[in-house]
Amino acid sequence: MLTPVIDEDGAPFWEYTARGELRVQSCADCGELRFPPRPCCPHCRSFASEWRLMSGRGRIWSYVLPHPPLLPEYAAQAPYNAVLVELADAPHIRLVGNVVASPHAPLNSVDPARLRIGAGVKVAFTETGGLAVPRWILERG
């Protein structure tokens with residue numbers, strides 16, 4: 001599996017996922033949430049930031065079912081989904097991931113026919129390459 005490259009701005013995100021928490025960077029001055037993490041607030045230009053705990057709930061904003069040719073690391077798991085999840089706590093924040101049947105299930109564990117734009121999901125974390133990676137589980141089976 002491919003694993004994310006961690007930079008200085010995003011490192012706290014991965015520290016929180018290791019604790020089973022989904023947090024989003026926010027400006028400590030104006031309070032605006034931002035993702036991906038970055039050093040300066042795009043709204044007020046402040047360099048002060050904090051990490052706000054999210055509920056872990058969202059909805060599928062968009063999704064795709066990748067078609068061959070696939071990266072070799074993923075070919076054996078096709079067909080699988082790649083989703084863009086809009087967070088319930090912050091509708092302008094969207095995270096990329098996969099909908100799976102359970103936190104440690106393979107990427108192809110959910111029948112693509114079950115995916116719908118607007119479907120409710122909740123976050124679950126699984127260990128991949130030494131990181132706790134957020135994945136998504138449908139709220140209604």
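The following paragraphs describe a small sheet and the largest pocket of this structure. The model is a predicted one.

The description begins with the sheet. Three strands make up an open sheet in the order 2-1-3, and their pairing is antiparallel. Its edge strands are strand 2, residues 33-34, and strand 3, residues 49-53, each of which pairs on one side only. Strand 1, which spans residues 23-27, stands between them in the order 2-1-3.

The two pairings of strand 1 may be taken in turn. With strand 2, strand 1 pairs in the antiparallel sense over two bridges. Within this pairing, S26 stands opposite L33 of strand 2. Strand 1 and strand 2 also form a hairpin, with five residues between them. In the turn of that hairpin, G31 has a positive phi of about 85°. On the pairing with strand 3, strand 1 is joined by five bridges, and these two strands again run antiparallel. Here Q25 has W51 of strand 3 as its bridge partner.

How are the residues of strand 1 placed with respect to the surface, buried or exposed? Strand 1 is mostly covered, and five of its five residues are buried. This holds for both of its faces. On one side lie R23, Q25 and C27, and on the other V24 and S26, all of them buried. Buried here refers to a relative accessible area under 20%. Q25, the partner of W51, and S26, which stands opposite L33, thus belong to opposite faces of the strand.

The description now turns to open space in the model. Rolling a probe the size of a water molecule over the atoms shows where empty space is left. The largest pocket has a volume of about 790 Å³. It is lined by 28 residues, and those closest to its centre are P4, W14, V96, G97 and V133.

Which elements supply at least two residues each to this lining? They are helix 1 (11-18), strand 6 (94-97) and strand 8 (131-138). Strand 6 provides the largest share, with four residues. As to the chemical classes of the lining, 19 residues are nonpolar, six are polar and three are charged.

Terms used
Residues numbered from 1 in each chain as written. Predicted model: local features only at pLDDT ≥ 70, side-chain atom pairs only at ≥ 80, totals over all residues. Heavy atoms only, no water. 1 Å grid on protein atoms, 1.4 Å probe; cavity = no way out; pocket = protein on both sides within 12 Å on 5 of 7 lines; lining within 4 Å. Points joined across faces, edges and corners; volume = space filled by probe spheres on them. Nonpolar A, V, L, I, M, F, W, Y, C, P; charged D, E, K, R; others polar. Pairing = 2+ DSSP bridges. Buried < 20%, exposed > 50% of the residue type's maximum accessible area, 1.4 Å probe, protein only.
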